Amino acid sequence: MALGANRFAVMRDVAMGSLILVLIGLAVGVGLSLAASRALSGLLVGIGHGDGWIIGGVALLVLLTALAACWLPARRATLINPVDALRAE
């Protein structure tokens with residue numbers, strides 16, 4: 001972290017590192033779940049191609065959970081005094 005960075009910049013940097021991985025995982029997961037639902041729709045009764053609402057809802061729930069999980073470490077990073085962190089190393 002930069003010595004002159006404000007709290008918002010520190011929080012953004014810490015949170016964006018985690019959220020990029022979450023978004024990549026969501027993209028892969030949604031793609032694979034759509035492919036699996038198409039493959040299994042002929043084998044299982046009650047599974048159709050139009051289950052996108054459920055997949056989208058679960059993806060949104062995962063995204064909100066990841067945002068909450070990224071917020072706490074990002075907030076902790078903003079509370080650290082950069083001078084004390086440099087002295088500790």
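A residue is called partly exposed when its relative accessible area lies between the value under 20% that marks a buried residue and the value over 50% that marks an exposed one. In this predicted model, Ala77 has a relative accessible area of 23% and is therefore partly exposed. Ala77 belongs to helix α2, which comprises residues 52-79. Beyond the residues up to four places away in sequence, Ala77 touches Val10 and Val14. Within the sequence, Ala77 is separated from Gly57 by 20 residues, and the C-alpha atoms of the two are 31 Å apart in space.

The dimensions of helix α2 can be set against those expected from its number of residues. At 1.5 Å a residue, the 28 residues of α2 should span 40 Å, and because the end C-alpha atoms are 41 Å apart, the expected and computed values agree. Ile55, Ala59, Ala66, Cys70, Ala74 and Thr78 are the residues reported as buried in α2, and the cover over these buried residues includes α1.

Helix α1, which comprises residues 7-40, can be treated in the same manner. Its 34 residues should span 50 Å at 1.5 Å a residue, and the distance of 48 Å between its end C-alpha atoms agrees with that expectation. A bend of about 30° is nevertheless found in α1 at Met16. The buried residues of α1 are Ala9, Val10, Ala15, Leu19, Leu26 and Ser37, and these residues pack against α2. Val10 thus appears both among the buried residues of α1 and among the contacts of Ala77.

Two of the buried alanines of α1 may be described in further detail. Ala9, which is placed in helix α1, has a relative accessibility of 16% and so counts as buried, since this value is under 20%. The C-alpha atoms of Ala9 and Val30 are 30 Å apart in space, while the two residues are 21 residues apart in sequence. Ala15 likewise lies in helix α1, and its relative accessibility of 16% is the reason that Ala15 counts as buried. When neighbours within four places in sequence are left aside, Ala15 is in contact with Cys70 and Ala74, both of which are listed among the buried residues of α2. Ala15 and Ala68 are 53 residues apart in sequence, yet their C-alpha atoms are 10.0 Å apart in space.

Attention may then turn to the surface, where a nonpolar patch is formed by Met16, Ile20, Leu21, Ile24, Val28 and Leu32, which together have about 610 Å² of accessible area. Met16, a member of this patch, is found in helix α1 and marks the position at which α1 bends. With a relative accessibility of 42%, Met16 counts as partly exposed, because this value falls between 20% and 50%.

Charged side chains remain to be considered. Side chains of opposite charge can pair when their charged atoms come close. The structure holds 1 salt bridge, in which Asp13 is joined to Arg12, with the closest N and O atoms 4.0 Å apart. Asp13 counts as partly exposed at a relative accessibility of 45%, and Arg12 also counts as partly exposed, with a relative accessibility of 42%.

Conventions: Residues are numbered from 1 along each chain as its sequence is written. This is a predicted model: local features need pLDDT of at least 70, side-chain atom pairs count only at pLDDT 80 or more; totals for chains, interfaces and linings use all residues. Side-chain values use heavy atoms; hydrogens and water are left out. Helices (H or I, at least four residues) and strands (E, at least two) are DSSP runs, numbered from the N terminus. Buried means under 20% relative accessible area, exposed over 50%, partly exposed in between (1.4 Å probe, protein chains only). Contact means heavy atoms within 4.5 Å. The expected span of a helix is 1.5 Å times one less than its number of residues. The bend at a residue is the angle between axes fitted to the seven residues ending there and the seven starting there. A salt bridge is a side-chain nitrogen of Lys or Arg within 4 Å of a carboxyl oxygen of Asp or Glu. Patches are made of residues with over 30% relative accessible area and no salt bridge: like charges are joined within 9 Å, nonpolar side chains (Val, Leu, Ile, Met, Phe, Trp, Tyr) within 5 Å. Accessible areas come from the Shrake-Rupley method with a 1.4 Å probe; for residues, only the protein chains shown count as cover.
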